[in-house]
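Colleague: I'd like a close look at just one part of this model. Pick a spot and walk me through it slowly, please.

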Amino acid sequence: MIIDKLYLHVAAKGHVCVGLDTDYEYLPAHFSKAFSHISDALFSFNKQIIDATIDVSACYKVQIAYYEAFGMQGLKAYQKTLSYLRERKAMIIADVKRGDIAKTAEMYAKAHFSGDFEADFMTLNPYMGMDTISPFLPFVKNNEKGVFVLIRTSNEGAKDIEYLPTEENRRVYNVVGEKLNSLGKEYLGKCGFSSIGGVMGCTHADEAQEVREQLDSTFFLIPGYGAQGGKAEDIARYLKNGNGGVVNASRSILLAYKKVENGEEQFAEYARKEAIRMRDEIWSKI
């Protein structure tokens, strides 16, 4: 199962998931001016970030919206970034948050689990119902792929729907999580976690122990660290024996060079230093 590979990456490299949510405006001015096409500038920036962090990051999350915004030029950069990550044998999460039914969902699965946009995992939105997950399962079973399904997100708006009460004093996200954890039992790896993972924000640390106990075999993609208020000690509560989750960081790594005077020339090196700082901080709390 693909989850075993990710588990081993975490054990060896730490919990950092580098978010390649690359806004063109993030690129240092001298760097972007060196390219005639946006696609080349975005890819070249990503390539340097990847090369600088490959040995200290468990995986990479590539958010497609940042590339779609630039049309075909952006999608070309997205494809080249995914291809290069595969070349470097990195693990890829395509952050596309698809959520639809029947043939449409099947086409989304084909689009992001094969061909030009192939990734190891992709993010899904289950709030139309569990039948939105079904078309992806053949790829999980037969093609060594995995998914991270939204359970409880880190944004303020999560309270609008995910926290609505249901029977037995539970919340909507509890019900979604339990359904996914149950489904995931059919796709367990040797590591004890499932290739059906969940997105679990770390901004509600008071709920961490309960969530981890209930979702015992669900591997987490964890947003909310850093700028949104999540701390390393909060992350530790969502793990299980020190593993079972990767922690996404995007701007804090991509823009680390801006914290240093005249850091533009060495933006990749400062990205590496921030990834290492984050990795070590999380390790120190486990």
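Modeller: First, a bit of vocabulary: a crossing is left-handed if the near helix is turned anticlockwise from the far one by less than a right angle, and right-handed if clockwise. Keep in mind that this is a predicted model, where local features need pLDDT of at least 70 and side-chain atom pairs count only at pLDDT 80 or more, while totals for chains, interfaces and linings use all residues. Residues are numbered from 1 along each chain as its sequence is written, and side-chain values use heavy atoms, leaving out hydrogens and water.

Now find helix α3, residues 38–53, and helix α5, residues 71–87. Helices here are DSSP runs of H or I, at least four residues, numbered from the N terminus. The axes of α3 and α5 come within 8 Å and cross at roughly 25°; axes are lines fitted to C-alpha atoms over the stretch in contact, with angles from 0 to 180 degrees between N-to-C directions. So α3 and α5 are roughly parallel to each other, a label for angles under 35 degrees. Their crossing is right-handed.

Who's touching? From α3, the contact (heavy atoms within 4.5 Å) uses Ile-38, Ser-39, Asp-40, Leu-42, Phe-43, Asn-46, Lys-47, Ile-50 and Asp-51. The α5 side brings Gln-73, Lys-76, Ala-77, Lys-80, Thr-81, Tyr-84 and Leu-85. By class, that's seven nonpolar, four polar and five charged residues. Ala, Val, Leu, Ile, Met, Phe, Trp, Tyr, Cys and Pro count as nonpolar, Asp, Glu, Lys and Arg as charged, and the others, Gly among them, as polar.

For another helix, try α1: its 12 residues reach 17 Å from first C-alpha to last, close to the 16 Å expected at 1.5 Å a residue, that is, 1.5 Å times one less than the number of residues.

How values were computed: Helices (H or I, at least four residues) and strands (E, at least two) are DSSP runs, numbered from the N terminus. Angles under 35 degrees count as roughly parallel, over 145 as roughly antiparallel, 65 to 115 as roughly perpendicular and the rest as oblique.
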